[in-house]
Amino acid sequence: MSGVTILELKSLTKRFGGLAAVNDVSFKVREGGISGLIGPNGAGKTTIFNLITGVYKVTEGQILFKDKPIQDQEPYKIACGGVTRTFQNIRLFKELSVFDNVYTACHLSAKHNLFESVFRLPRYWREDKILKEKARSLLGIMGLEERQDISANNLPYGLQRRLEITRALALDPKLLLLDEPAAGMNPDETEQLMLLIGKVRKMFNLSVLVIEHHMDLIMGICEHIHVLNFGCTLADGSAEAVANDPKVVEAYLGAEEEKK
Amino acid sequence: MDYIQGIAVLIGINLIAVLGLCVLTGFTGLFSFGHGGFMAIGAYISAIVTAKLNLPFSVAILAGGLSAGIISVFIGQLTLKLKGDYFCIATMGFGEAIRIILNNTNYVGGARGWADLPQLTTWVWVVGLDIVCIAITWNLINSRQGRNMIAVREEELAAQMAGVNVFRYKMIALVFSAVMAGIAGALLANYLQFLRPTMFNMLKSTDLTIMVIFGGLGSISGTIVGTILLVSLPEVFRNFAQWRLVIYGLAVIVIMVGRPKGIMGGMELTPSGIRKIFAARRAKATLEAEIKAAERGDAA
């Protein structure tokens, strides 16, 4: 493992009553890399995302983002600090147009306050133009510019996922957490998505942590994989090492093979 | 003519309170059944300033709005962390509490009411403030702060993940709506020249909320239309005496069944608003056509 660590989980534990949804999990995400978080259903993957983004409070352990603990911060502060995510069950601003979804999320690029907005002072006009341009250019990069007027809930499923990623990018994040981005997609769409994630990572100089069940996607793009089972770490290492780990094959990949 | 003008002034006064509530309910997604309470604060403070302290009306309006705003900050601290319906119930309790406090305050006339207030609310004040309030509301909603409020309404969790301080924006919406209700109350007190705590009971609060919903959640022009219709409707049917409130209720039910989003839910009756509706329709049609074409291509 070379390079700088952007996110580090140190013996992270989350208990809901007596149930340890995440139990003593530690791993690192390398800066600029794509890491995968896999495991059977109920292994605690999404719980870890919710812990990193501050939706849940950590029971024990530490989350370090750029070597600073973030586990006690408000979710919006963590997001402003550069960690953002998408959701397993897409959460767009449904009634808003595609453009407005991204335009809204660009708000951190402007500094004008409430007073300046309400009375339309010069800084409002200056910055609002920047926000609009930023939203447009993001939609262009993600291939959504032709759909910008449509309301988000009228988009087909695949484009909704893409819009959610676009909205996340509008915050200029350093670390992007993708929660099952390929869920419900066919192999074609999955491959497109893989290419898109790769492109976006280079373009925005991002680090990505992705939860996924599509093994081709995980094995195709992730340099580093962390495997969970029942809230505990099962394996951690490069894609091949994990894929050949007998424990992983038994708990997870084995079941996949049989189905085929 | 005086009668018509009287109704117009009442519409103008109510409009200010309803515009504030439209930001809270229509754009931020928080339902309140206690804004009669904020109106009462504005009304009584303005009455004290004008009748007891003999200060100018502009000071009274300012004091009415500000005091409602300050109290809303405390209420917000206590209740805005509550989820959904609980916030609604808390506001209801607040409204009733204000009414009962006023009922028992003899300094402002208690339950008997307070008559002979100076008549200071004029046409000019009402129309002028209406224009200013509409402009401010419009600018607020069409700004990054306003979009953040809409994001909170649409999807609270996603808004947080987009870096929106949900509590702060809920607070801004609540204080804004309270200040507007306070200003409306101040105008009302010095228009009617008479105040009584029952004028600001829960019925008044629900009336305000119904106007917002009737006109259309998330629409400023809808709010204006809703206020005009619902304030004037009982007056138009005044000849039917006891039936007029039945007609009022019926109109609300018809709208709720026929158009659950209100008359103009989510749409604006402005050039840019209309353009937006058509652009959305066109984009949707193009997308559907493309999907159909792709399906045909697959089949062939």
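**Figure 1. The two domains of chain B.** In this predicted model, chain B splits into domain 1, residues 2-262, and domain 2, residues 270-300. Measure from one C-alpha centre to the other and you get 39 Å between domain 1 of chain B and domain 2 of chain B. As for confidence, chain B has a mean pLDDT of 91, with 99% of its residues at 70 or more. The model as a whole scores ipTM 0.90 and pTM 0.92.

**Figure 2. Helix α6 of chain B, residues 144-154.** How many of the residues of this helix are buried? The count is 11 of the 11, so the helix is largely enclosed by the rest of the structure. Charged-looking names turn up in the buried set too: it includes B:R144, B:R147, B:R153 and B:E154. Also on the list are B:M149, B:I150, B:A151 and B:V152.

**Figure 3. Where chain A meets chain B.** Here 35 residues of chain A are in contact with 29 residues of chain B. On the chain A side, the elements giving two or more residues are α2 (75-81), β6 (83-85), α3 (98-105), α4 (114-118) and α5 (122-141). Which of them gives the largest share? That would be α2(A), with 4 residues. Sorted by class, the chain A side comes out as 19 nonpolar, 8 polar and 8 charged residues.

**Figure 4. Domain against domain inside chain A.** The assignment for chain A builds domain 1 from two stretches, 1-82 and 188-260, while domain 2 covers 89-171. Their centres, taken over C-alpha atoms, are 27 Å apart. The contact draws on 6 residues from domain 1 of chain A and 5 residues from domain 2 of chain A. On the domain 1 side, α2 and α7 (187-204) of chain A each supply at least two residues, and the largest share, 4 residues, belongs to α7(A). That side of domain 1 is made up of 5 nonpolar residues and 1 charged residue, with no polar ones.

**Figure 5. A closer look at α7 of chain A.** This helix has 18 residues and runs 26 Å from its first C-alpha to its last, close to the 26 Å expected at 1.5 Å a residue. Just after α7(A) comes A:N205, whose phi is positive, near 55°.

**Figure 6. The surroundings of A:I211.** You'll find A:I211 in strand β8 of chain A, residues 207-211. Why does A:I211 count as buried? There are 24 other C-beta atoms within 10 Å of A:I211, and the cut-off for buried is 20 or more. Leaving out residues up to four places away in sequence, A:I211 touches A:L37, A:K45, A:T46, A:F49, A:L178, A:D179 and A:E180. Take A:K45: A:I211 and A:K45 are 166 residues apart in sequence, yet 6.9 Å apart in space, C-alpha to C-alpha.

**Figure 7. Two positive phi angles in strands of chain A.** A:S11 sits in strand β1, residues 5-16, and has a positive phi of about 30° although it isn't a glycine. A:S11 counts as exposed because it has 11 C-beta neighbours inside 10 Å, where the limit for exposed is 12 or fewer. The other case is A:D24, in strand β2, residues 19-30. A:D24 isn't a glycine either, but its phi is positive, at about 55°. With 14 C-beta neighbours inside 10 Å, A:D24 counts as partly exposed.

Key. Residues numbered from 1 in each chain as written. Chains lettered and ligands numbered in written order. Predicted model: local features only at pLDDT ≥ 70, side-chain atom pairs only at ≥ 80, totals over all residues. Contact = placed C-beta atoms within 7 Å. Nonpolar A, V, L, I, M, F, W, Y, C, P; charged D, E, K, R; others polar. Domains from an automatic or database assignment. pLDDT = per-residue confidence, 0-100. Expected span 1.5 Å × (residues − 1).
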